[in-house]
Amino acid sequence: MGIELHHLRGFLALSEERHFTRAAERLHLSQPSLSRNIRRLEEALGVRLLERTTRRVALTPAGERLHAQLAHIMPLLEEALRPDRTGEVLRLGFTWGFPSQWAHEAMEEFTEATGVQVQPIRRDEPLAGLDHGDADIALLRGQVSTSRMRRFTLLTERRVMAAAAGSRYSRLTSIAWRDIAALPLVVNTVSGTTKAEDWPDAERPMVAATCTNFDEWLEAVAADWGVGCVPESIAHRHTHPSVVFIPVEGAPEIPMHLVFPRNGAHPLVPTFVSIAGAVTKRLREGDDA
């Protein structure tokens with residue numbers, strides 16, 4: 001019949017208030033929107049529910065019958081539609097370098113809004129367990145290319161170069177992106193954000209060592225097998241006594257995404273994405289102020 005829940009809520013509020021303006025304010029709607037909803041309800045039912053005059057709103061006999069029935073049914077329906085989320089969690093996959101400030105603020109605001117806890121889950125895999133069903137949404141850095149996933153870019157980060165503390169590079173105060181191409185490179189092939197292919201064909205660095213997770217990568221750099229590049233936030237969160245981090249000039253920034261299935265995503269994923277986007281924007285604007 002084309003009747004939707006907001007049509008019934010609008011009619012019930014108007015039946016009780018007997019005033020379009022008050023009913024619209026109660027529903028946080030504009031008066032024209034409420035009028036359209038009532039008109040569509042009447043058209044769907046094929047009966048006039050209201051008698052409208054310049055001074056008052058009165059119910060027709062059909063309106064009285066509908067009001068009596070809705071007054072009994074709607075509270076039951078509203079209760080049935082109120083979800084019980086006891087024990088529900090949203091699993092947030094990540095590979096390494098879990099962010100601190102914005103992520104924890106977003107998780108807290110999400111739980112306050114929905115009653116659902118966010119559970120961080122680490123998986124040393126390209127999609128952080130998202131493709132295996134181990135996570136509902138994933139926090140990933142760098143390029144994400146899969147037709148089965150959607151992504152929302154939260155922010156971008158500058159790069160820093162990691163080098164062994166005792167190496168000849170450790171005293172540099174900065175280095176140009178193009179100059180890193182002349183150095184041996186340590187690459188995290190599974191979840192890393194920098195690889196030899198990031199440079200032009202004729203200027204690619206030699207890959208001195210490969211590994212499959214961040215911890216192995218960090219120890220390879222500490223052992224002076226080569227240098228590596230990571231987002232600058234890692235320099236603040238993952239200190240190592242044998243590794244120094246050096247700012248990189250002229251490097252492409254590294255994006256950070258929230259990634260989730262294109263089809264069949266957890267129903268609360270859009271809510272988390274919206275909250276995380278608002279939190280990162282608020283913090284970014286605070287930093288700029």
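In this predicted model, five strands line up as an open sheet, in the order S4-S3-S5-S13-S6, and the pairing is mixed. The two ends of that row are strand S4 (117-122) and strand S6 (149-157); each has a single partner strand, so one side of each is left without a neighbour in the sheet. Going from one strand to the next, the twist averages 25°.

Working through the pairs, strand S3 (residues 89-94) and strand S5 (residues 137-141) run parallel and are joined by 3 bridges. One spot to look at here is Gly93, whose bridge partner in S5 is Ala138. Ala138 also turns up in the pairing with S13, where Ala138 stands opposite Val259. That S5 and S13 pairing is antiparallel and spans 4 bridges. On the other flank of S13, S6 is joined to S13 by 8 bridges, again with the strands antiparallel, and Arg150 stands opposite Phe260 in S13.

How buried is S13? Of the 8 residues of S13, 8 are buried, so the strand is largely enclosed by the rest of the structure. Helix H5 (residues 101-114) also has a part in this picture: H5 lies across S3, S4, S5, S6 and strand S13 (254-261), and H5 runs at about 140° to S4.

A separate open sheet has 4 strands in the order S8-S12-S7-S11, and its pairing is mixed too. Here the edges belong to S8 and S11, each of which pairs on one side only. Strand S7 (residues 159-164) and strand S12 (residues 243-249) run antiparallel, with 5 bridges between them; Met161 has Ile246 as its bridge partner in S12. Strand S8 (residues 175-176) pairs with S12 in the parallel sense over 2 bridges, and within that pairing Ile175 stands opposite Val248.

Strand S9 pairs with strand S10 (residues 207-211): the two run parallel and 4 bridges join them. Leu185 of S9 has Val207 as its bridge partner in S10. Which way do the S9 side chains face? Leu185 and Val187 point one way from S9, while Val186 and Asn188 point the other way, and all of them are buried.

S9 matters for the empty space as well. Rolling a probe the size of a water molecule over the atoms shows where empty space is left. The structure holds 1 cavity of 30 Å³ or more, and about 90 Å³ of space lies in it. Its lining is made up of Trp96, Val186, Val187, Asn188, Gly192, Thr193, Thr194, Phe214, Trp217, Cys229 and Val230. Two or more of these residues come from each of strand S9 (185-188), helix H7 (214-222) and strand S11 (228-231), with S9 giving the largest share, 3 residues. By residue type, the lining splits into 7 nonpolar, 4 polar and no charged.

The second largest pocket holds about 430 Å³ of space. Of the 24 residues that line this pocket, Arg141, Gly142, Gln143, Gly192 and Thr193 lie nearest its centre. Gly192 and Thr193 are also listed in the lining of the largest cavity. The elements giving two or more residues to the pocket lining are S5, S9 and S13. The pocket lining divides into 9 nonpolar, 10 polar and 5 charged residues.

Towards the start of the chain, Leu49 sits in the loop between helix H3 (31-45) and strand S1 (50-52). Is Leu49 buried or exposed? With a relative accessible area of 1%, Leu49 falls under the 20% cut-off and is therefore buried. Setting aside neighbours within four places in sequence, Leu49 is in contact with Phe11, Leu41, Glu42, Ala58, Leu59, Thr60, Ala62, Gly63 and Leu66. From Leu49 to Gly228 there are 179 residues in sequence, and the C-alpha to C-alpha distance is 71 Å.

Note on methods:
Residues are numbered from 1 along each chain as its sequence is written. This is a predicted model: local features need pLDDT of at least 70, side-chain atom pairs count only at pLDDT 80 or more; totals for chains, interfaces and linings use all residues. Side-chain values use heavy atoms; hydrogens and water are left out. On a 1 Å grid over the protein atoms alone, a cavity is a set of points where a 1.4 Å probe fits but cannot get out, and a pocket is an open set with protein on both sides within 12 Å along at least five of seven lines; lining residues have an atom within 4 Å of a point. Grid points are joined across faces, edges and corners, and a volume is the space filled by probe spheres set on the points. Ala, Val, Leu, Ile, Met, Phe, Trp, Tyr, Cys and Pro count as nonpolar, Asp, Glu, Lys and Arg as charged, and the others, Gly among them, as polar. Two strands pair if DSSP finds at least two bridges between them. Axes are lines fitted to C-alpha atoms, for helices over the stretch in contact, and angles run from 0 to 180 degrees between N-to-C directions. Contact means heavy atoms within 4.5 Å. Buried means under 20% relative accessible area, exposed over 50%, partly exposed in between (1.4 Å probe, protein chains only).
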